[in-house]
Amino acid sequence: MQFFVNGLNGLLSREQGPRSMAKQAVLSMKGAVSILSAATSLGFGASSLPGQDGVSELPFYGRSPAIYPSPIGNGSTDTGWSTAYKHASSLVSQMSIDEMANLTRGWPGPCAGNTGEIPRLGIPAMCFADSPTSVRGQEFVSAFPAGIHLAATFDHDLMYRYGEALGSEFRGKGVNVALGPVAGPLGRIAKGGRNWEGLSNDPYLAGVGLGAITKGIQDTGVIATPKHFVLNEQEFRRRWDAELGHAISSNVDDRALHELYVFPFMEALHKGACSVMCSYQRANHSYACQNSKLLNGILKTELGFEGFVVSDWDGQMSGVASANAGLDLTMPNAGFWGPELITAVHNGSVSHSRLADMATRILAARFYVHQDDPSYPPLSIYPSTHIHAPVNVQSNHAKLIHEIGAAGTVLVKNTNHTLPFNSSSPQFLTIYGYDAILSPSPWVDPARYGGGYDVNHNWNTLNGTLITGGGSGGSTPPYVISPFQAIQERVSSNGGILRWDFYDPDPARKTPYLNADACLVFINAYSSESFDRPSLTDRFSDELVTNIASVCENTIVVVHSAGIRVVPWVEHPNVTAVLFAGLPGQESGHALTSILYGDVSPSGRLPYTVAKKEEDYGHMLNSSGGVEDHFPEDNFTEGLYIDYRAFDKAGLEPQFEFGFGLSYTSFGYDSFSAKWVHTKDADEFPDSKIAIVQGGHPQLWDTLAVVKCTVRNTGDVEGAEVAQLYVGIPSEKEEEEESDTPIRQLRGFYRTKPLSPGEEVKVEFKLTRRDLSVWDVVSQQWKLRRGKYKLWVGASSRDLRLSGSLVIPSKDSNRKIDL
Ligand code: BGC
């Protein structure tokens, strides 16, 4: 029964609902198939295509290379890890098989996940809690902006401070492991239901964010769990299902796997991530939590991961196979382990050393972040029905949330300086749309503001202002400042007036206010875990905007969206300003009014491409697989060309390109320079004599080149600028005109401090060996290419202001690199 109590904690109201005994029994039987299937990845079927023999299902699993045995962690990365390993190994050496196995599974408890404990050795249970934006489900915690909103700031420092503030809230509640941040999904599918939890579909931007948040969280002593590793790019069929069959298989080539999907995780590992969550779906036909190529191969060999791999909740699909493929901890219950893992070790199916490695990795992670320190706060995680003394961990995070909220707000249209409002003269504003105010009953589920999962199934919009998405990644805000409340605060203090209607589809025509200065329309685009979005637009909201614009000459549209939102009305001459206001968290209204009234000049940039119409995303608009497919497939045929890389390749004009965003001022770029540093002859490969540590070969992180420029505020108000560096990596064959690599890829960004009119700053971008390399599928290493690296610095992926190049001379030329 314990099993199901925990299931409720983690699973209630998801697509599968609370598990029935019968369903669980089927799951266990299915496990037998999976054990068999994983065995086939040991070498069979590598050349067969799914279903080719027409009888057996074995080939469906055989296309992910087999990498065994599972590497044993040893703490060789640095002194922090080696000390942690020493401590962990000495404890594990005193444990029985049963005790070790007890650490590798979940138990019922107060948290979304709870490991076993070993009181005899003073080892307490560990608490794992959601989410990437909030200590979800708890009282007196903050609701931070979502990952995608943070990414829109393009600000390294805010990303770190976000992680640190979030981490301190988990720590304050005594949580050991925070289940975030997210870079899987990366955001390949425009309608992907969880894209908003992640940062950006650009792997560089996502990587910087993932690394900074991970470091921020762990600097507070909480273990971060970058997730979901990897290729969890859609929600539809993300999991095995008793009726429908197997989960979707994300079938990807080796280069795209490394250069797009694994890339951000490298950064998180480099910054010390102690835990990684493997994902639900299949990857090249083998379930991600038993995929030896992903876990043993990429994570633990190529990237030298020292921490532990935890399954996504109920994502374990086999016992012996997952153990040998590199899974270290199954959640939220025993899954296919518990007593079965003990038996497997006794009968030799899983080695004693593999089990000891699992336990060591889990304990080493704790020691690495010093959770053995007696000052670590006691656990205080409770359901809303439990009476307890408040444990308030909000600190002054509202200020940071406000700052990130404003910094991640993207202004995409501003005709004739419509914005900012003049804050000293009274305004007459009309306010329309369901997104301007709070939902009247957003607490249907006390652990998830605004619902989520089935509560809002198939909803395009949330009936009330949208500050977070739904599902496990949502938040539980202490309060929410709605746009209407914040605008009222301004109006009441400067003698303005307001009229409003939140629900009428055509309010401005029915009751015209001819003296109003502007009509503000608030709409949103909702999304929740478990479901991909039904569309990137919705009729009600689009009609609301055009209805108002048809009678109001100064229509300002604010879109709160959980990802891409196509804006078919944007060229309407009466739509004078448009703001993508993201998912800003609890301080939503304040963040917005900071921009509307010009306290802060907007500097947010789109972390994705907004197309003119949905179809422009091509095969990457919708998720794949049908309800009739027992083995659904998603072939990533586009390889490296997702989002702006795809638009650039196809010569397709977006509505608003990746990296785009307007300011209230203007900026000039000048004094471009690019230089190689720290390399004599730029060997193609990192030095094979140097050992790999966590994060990959250490030389991948060496700075090989520096690009510099100046940015000057050429306008007449203060504002920050986001300068972006794009790199065009040469083709494998130098003489080829068209490269086999995207024409340009983001490889640096810098948000300046707010610059006064006329003020100038020097901007410097460091290019590491990895930034300039491609994943070479033959040598299975990151490889620098010879030839001309094109460089551009600009204000977006298409607004390129400065350019230059750097050359790595060909091998046979006598030329050395110009330093
Ligand atoms: C989600 C994870 C989450 C876990 C625990 C899963 O369904 O995919 O992201 O951390 O549940 O709630």
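The radius of gyration used here is taken over C-alpha atoms, and the globule rule it is held against is 2.2 Å times the number of residues to the power 0.38. For the 819 residues of this predicted model, that rule puts a compact globule near 28 Å, and the chain comes in at 26 Å, which agrees. Laid out along its principal axes, the chain has C-alpha atoms that fill a box of roughly 85 × 75 × 60 Å. Inside that box you'll find 19 helices and 26 strands, so let's pick out a few places worth a look.

Start with helix H13, residues 397–407, and two of the helices it meets. One is H17, residues 588–596: the two axes come within 8 Å and cross at roughly 50°. That angle makes H13 oblique to H17, and the crossing is right-handed. On the H13 side the contact uses His-402, Gly-405 and Ala-406, while H17 brings His-590, Ala-591, Ser-594 and Ile-595. Sorted by class, that gives 3 nonpolar, 4 polar and no charged residues.

The other helix is H6, residues 156–172, whose axis comes within 11 Å of that of H13, with a crossing angle of roughly 145°. Here the handedness is left-handed. H6 puts in Leu-158, Arg-161, Tyr-162, Ala-165, Ser-168 and Glu-169, and these meet His-397, Leu-400, Glu-403, Ile-404 and Ala-407 of H13. By class, the contact of H6 with H13 has 6 nonpolar, 2 polar and 3 charged residues.

Now for the sheets. Strands of a sheet pair through backbone hydrogen bonds, and the pairing can be parallel or antiparallel. Take the parallel case to begin with: three strands, in the order E5-E7-E10, make an open sheet. Its edges are E5 (227–229) and E10 (308–311), each of which pairs on one side only. On average, neighbouring strands in this sheet are turned by 50° against each other, direction ignored. E5 and E7 (residues 275–278) run parallel and are joined by 2 bridges; look for Lys-227, whose bridge partner in E7 is Met-277. Helix H9, residues 292–302, lies across E5, E7 and E10, running at about 110° to E5.

Stay around E5 for some backbone oddities. Most residues other than glycine have a negative phi, and most peptide bonds are trans. The bond from Phe-229 to Val-230, though, is cis, with omega near 0°, and Val-230 sits in the loop between E5 and E6 (249–251). Leu-231 lies in the loop between E5 and E6 too, and its phi is near 75°, a positive value in a residue other than glycine. There is also a cis bond from Asp-130 to Ser-131, with omega near 10°. You'll find Ser-131 in the loop between strand E2 (127–129) and helix H5 (147–151).

For the antiparallel case, head further along the chain. Four strands form an open sheet in the order E21-E20-E25-E26, with antiparallel pairing. E21 (745–751) and E26 (800–808) stand at the edges with a single partner strand each, so one side of each is left without a neighbour in the sheet. Neighbouring strands here are turned by 20° against each other on average, again ignoring direction. In the middle, E20 (residues 722–728) and E25 (residues 787–794) pair over 5 bridges, and Gly-728 stands opposite Lys-790 in E25.

Conventions
Residues numbered from 1 in each chain as written. Predicted model: local features only at pLDDT ≥ 70, side-chain atom pairs only at ≥ 80, totals over all residues. Heavy atoms only, no water. Pairing = 2+ DSSP bridges. Axes fitted to C-alpha atoms, helices over the stretch in contact; angles between N-to-C directions. Parallel < 35°, antiparallel > 145°, perpendicular 65-115°, else oblique. Left-handed = near helix turned anticlockwise from the far one by under 90°. Contact = heavy atoms within 4.5 Å. Nonpolar A, V, L, I, M, F, W, Y, C, P; charged D, E, K, R; others polar.
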